[in-house]
Amino acid sequence: MPAKLIRGDEVAARLREEMVAELETLYEETGRVPGLAVIIVGEDPASLSYVANAEKAGASLGFNVQVHRLPEHTTEAELLKLIEKLNFADEIDGIMVQLPLPRHIDSYTVMEAIDPEKDVDGAHPLNMGKLFSDEKGYIPSTAHSVMRMIEFTLQPLYGKSAVLIGRSNIVGKPLSLLMLRRNATLTICHSFTQGLPEICREADILVTAAGKPGLVKGDWVKPGAIVIDVGVTQLDGKLVGDVDFAAVRNVAGWISPVPGGIGPITITMLKWSTLEAYKKRIAGI
Ligand code: NAD
């Protein structure tokens, strides 16, 4: 039997349901909607498409989404000035800077400039530290979304073996900490890992975020495993994941497609965190 699908639109719809009723009540109380500022520098096609989708999804939920599209030659000082302005803007609850940034801009300096209370994509070192310390803070939307996808399968994580391909600050590293909180046993792989197929075959949960189309083959997957494909690459004008979907679907128990998997969830998850920031600001926390 082919694997069951973890569909992005279904998971995102559940998240939206959680938000809609609350949004209505809060709007009646405050007369203000949550505000999210998304900053993109340059012309990276995958980033531009993500930001366009974020704008559309935000508007559909009644958020005030401001997209700041800056040219490639924007200086670090100019970007920092915009962030400072947004940090003080009353109508803005969340700020997200799309990565990658052009090489002449230091990402760490930029992330450090975001007010941690508005850092809804968990990029500021303070929020990363909170995640590390199991304290409540903002979590990178992509890692948070993967956790929601696993919850969607209703399969428990405790005691399970999870293999993550990719160790970036926005996917592999935060996800490993979130999974540890749920008592999974983790293996984090990267481009220097030896024997990747054998390691993957041991996984009850396999998450791949390498950005390498077709990396995960059918015979890399344990029968019945949950396979989540975070990789998104533009290939011949199409979006493709890291997983050989046709082959893996016949082995896995659950699988997320690309497109139609992680993408729509991450965008909604960013709104979810922005709603949290808005609620905290209303409550004066
Ligand atoms: P990155 O380049 O920062 O990290 C890639 C990771 O994959 C690195 O740790 C690298 O060591 C590892 N890797 C690369 N090739 C490998 C190989 N052959 N074997 C094992 N490990 C390998 O990238 P990132 O920002 O984490 O993004 C990863 C992928 O996820 C990209 O395709 C990106 O587009 C996608 N992504 C999607 C979303 C989303 O849709 N919500 C969000 C973030 C990233």
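1. Start with the length of helix α1, in what is a predicted model. Helix α1 covers residues 8-30, which is 23 residues. At 1.5 Å a residue it should span 33 Å, and its end C-alpha atoms lie 31 Å apart, so the two values agree.

2. Helix α1 is not straight throughout. A kink of about 25° is centred on Met19. Met19 is also among the buried residues of this helix.

3. Which residues of α1 are buried? They are Gly8, Val11, Ala12, Leu15, Met19, Leu23 and Leu26. Follow them along the helix in the 3D view. These buried residues pack against α6 and against α10, residues 262-283.

4. Look next at the end of α1. Just after the helix comes Gly31, with a positive phi of about 70°.

5. Now turn to α6, one of the packing partners of α1. This helix runs over residues 141-153, and Ser145 is found in it. Is Ser145 buried or exposed? Ser145 has 0% relative accessibility, so it counts as buried.

6. What does Ser145 touch, leaving aside residues up to four places away in sequence? The list is Ile262, Ile265, Thr266 and Met269. One of these contacts deserves a closer look. The Ser145 side chain reaches the backbone nitrogen of Thr266 at 3.5 Å.

7. The next topic is the sheet. It is open, has three strands and follows the order β3-β2-β4, with parallel pairing. Strands β3 (64-70) and β4 (94-97) are the edges, each pairing on one side only. Direction ignored, neighbouring strands of the sheet are turned by 15° against each other on average.

8. How many bridges join β2 to β3? There are seven, and the two strands run parallel. Strand β2 spans residues 35-41. To find one pairing by eye, take Val41: its bridge partner in β3 is Leu70.

9. Two helices lie across this sheet. Helix α2, residues 45-60, lies across β2, β3 and β4. Its direction is at about 160° to β3. Helix α3, residues 76-88, also lies across β2, β3 and β4. Here the angle is given against β2, and it is about 180°.

10. A route for a second look. Begin at the kink on Met19 in α1. Cross from the buried residues of α1 to α6 and α10. Stop at Ser145 and its contact with the backbone nitrogen of Thr266. Then go to the sheet and read its strands in the order β3-β2-β4.

Note on methods
Residues are numbered from 1 along each chain as its sequence is written. This is a predicted model: local features need pLDDT of at least 70, side-chain atom pairs count only at pLDDT 80 or more; totals for chains, interfaces and linings use all residues. Side-chain values use heavy atoms; hydrogens and water are left out. Helices (H or I, at least four residues) and strands (E, at least two) are DSSP runs, numbered from the N terminus. Buried means under 20% relative accessible area, exposed over 50%, partly exposed in between (1.4 Å probe, protein chains only). A polar contact is a pair of N or O atoms within 3.5 Å; within protein, one must be able to donate a hydrogen and the other to accept it, and residues adjacent in sequence count only if both atoms are side-chain atoms. Contact means heavy atoms within 4.5 Å. The expected span of a helix is 1.5 Å times one less than its number of residues. The bend at a residue is the angle between axes fitted to the seven residues ending there and the seven starting there. Two strands pair if DSSP finds at least two bridges between them. Axes are lines fitted to C-alpha atoms, for helices over the stretch in contact, and angles run from 0 to 180 degrees between N-to-C directions.
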